[in-house]
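Please open the structure in your viewer and keep the selection panel at hand. The tour below proceeds one selection at a time.

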Amino acid sequence: CPFSYSADQPNNAWMNELDENARQVDRTKAIAQFARLYNHMASDGFVFLLPTPKDCKLQDLVFTANLGIVLEHVPERNIVVLSNFTSEPRFGETQVGQGFFRAMGYTTVVAPHKFEGEAELKHLHSNVYVGGYGIRSERSVYDWMETEFDMHVIKVQETDDYLYHLDCSIFPITSEDTLVCTALLDSADVDQIEKFTNIIDVSAEACYAGICNSVRHHNSILNASHIHSLRAGTEEYFEEIRKNRDLEDMATRLGLEVNYFNLSEYFKGGALLSCMVMHLNRRSYAFSLI
């Protein structure tokens, strides 16, 4: 829950565009927005809430996608690779996650190189993953994972400061299909991804609006949209409409629905919906709807 959430320390390009007043979080509104997302997910699945330590000052703890990753290809799904954060305001989160997951019975391993969790590493199928590096995570962490956990990681370099995690430009939407912004990636990286999944190309503009910052939840796609709080006729309004329509068209072709959640308070922290969810399993990907 966003009990310690704030946007006091700007630590990404989106936050740096806002002055101190614009970053001021409305805590009541933030908790209400969080509760709507939680209630939706908890009505159709079991959701664990990461406890917030007493007197916690970790402003980004609510963004659990960065905390680590449960390795899906390990049969017991009992290994959590915890993050080694680049961003200074997040340095204490690893210890919080380590205590939580150990209490849950998981084996925890802290990455020996810079790594920011599931937001940077996406499972495609079997033991194949896509990992982003260059801004918040190091390429060497994926070499280590391949050796340590018998997995194959397609390593993708990130260069856009506004899309500083992999979940900003790549989203596995089914076990066979993946949204990828090919315009932002090296062609050799795209070729490697294409060997393992069907690429559905999305535009850079749609990525800036958050099309890839989604979560697959059973037969629906969860995505953040504050369209109803935007003034009609503005460029931001039209960008949001285009992103929503693109996502709905893709979902329809795959037999999926789309559910939107207003997370405007979390935009102040430079975050979107995928940042707030860390998967303990990916059972939603185990079946096809068409």
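The stops that follow concern a helix, several salt bridges, a sheet and a loop residue in a predicted model.

**First stop: helix H4**

Select H4, which spans residues 139-149, and display its side chains. Val141, Tyr142, Trp144, Met145 and Phe149 are buried in this helix. Turn the view until you look down the axis of H4: the buried residues fall within an arc of 155°, so they line one face of the helix. What do these buried residues pack against? Add strand S2 (79-82), S3, S4, S5 and strand S6 (152-157) to the selection, for these are the strands against which the buried residues of H4 pack. Then step to aspartate 150, which follows H4 and has a positive phi, near 50°.

**Second stop: a salt-bridge network**

Keep H4 in view and select Asp143, Glu146 and Lys155, which are linked in a network of salt bridges. Within it, lysine 155 pairs with glutamate 146, and their closest N and O atoms are 3.1 Å apart. Are these two partners buried or exposed? Lysine 155 has a relative accessible area of 12% and is therefore buried, the cut-off being under 20%. Glutamate 146, at 22% relative accessibility, counts as partly exposed.

**Third stop: two further salt bridges**

Salt bridges in this model come to a count of nine. Select arginine 136 and glutamate 116, which form one of them, with 3.3 Å between the closest N and O atoms. The pair links distant parts of the chain, its members being 20 residues apart. Arginine 136 belongs to the loop between strand S5 (128-133) and helix H4, and glutamate 116 to the loop between strand S3 (107-110) and strand S4 (121-125). Both arginine 136 and glutamate 116 are buried.

Next, select lysine 243 and glutamate 240, whose side chains meet in a salt bridge at 3.0 Å, N to O. Where do the two stand relative to each other along the helix? They are three residues apart in helix H7 (residues 235-253), and therefore separated by about one helical turn. An α-helix has 3.6 residues a turn, so residues three or four places apart point the same way. Lysine 243 is buried, as is glutamate 240.

**Fourth stop: the sheet S7-S8-S9**

Select S7, S8 and S9, an open sheet of three strands in the order S7-S8-S9, with mixed pairing. Strand S7 (170-172) and strand S9 (198-201) stand at the edges; each has a single partner strand, so one side of each is left without a neighbour in the sheet. Neighbouring strands here are turned by 25° against each other on average, direction ignored. Now narrow the selection to S8 and S9, which pair in the parallel sense over four bridges. Threonine 178 can be picked out here, standing opposite isoleucine 199 in S9.

**Last stop: leucine 184**

From strand S8 (177-180), follow the chain towards helix H5 (187-194) and select leucine 184 in the loop between them. Its relative accessible area is 23%, and leucine 184 is therefore partly exposed. Which residues does leucine 184 touch, not counting those up to four places away in sequence? Display Thr159, Asp160, Leu163, Ser169, Ala204 and Tyr208, which are its contacts under that condition. To finish, draw a distance from leucine 184 to leucine 163: the two are 21 residues apart in sequence and 9.5 Å apart in space, C-alpha to C-alpha.

Key
Residues numbered from 1 in each chain as written. Predicted model: local features only at pLDDT ≥ 70, side-chain atom pairs only at ≥ 80, totals over all residues. Heavy atoms only, no water. Buried < 20%, exposed > 50% of the residue type's maximum accessible area, 1.4 Å probe, protein only. Contact = heavy atoms within 4.5 Å. Salt bridge = Lys/Arg side-chain N within 4 Å of Asp/Glu carboxyl O. Arc of directions from axis to C-beta. Pairing = 2+ DSSP bridges. Axes fitted to C-alpha atoms, helices over the stretch in contact; angles between N-to-C directions.
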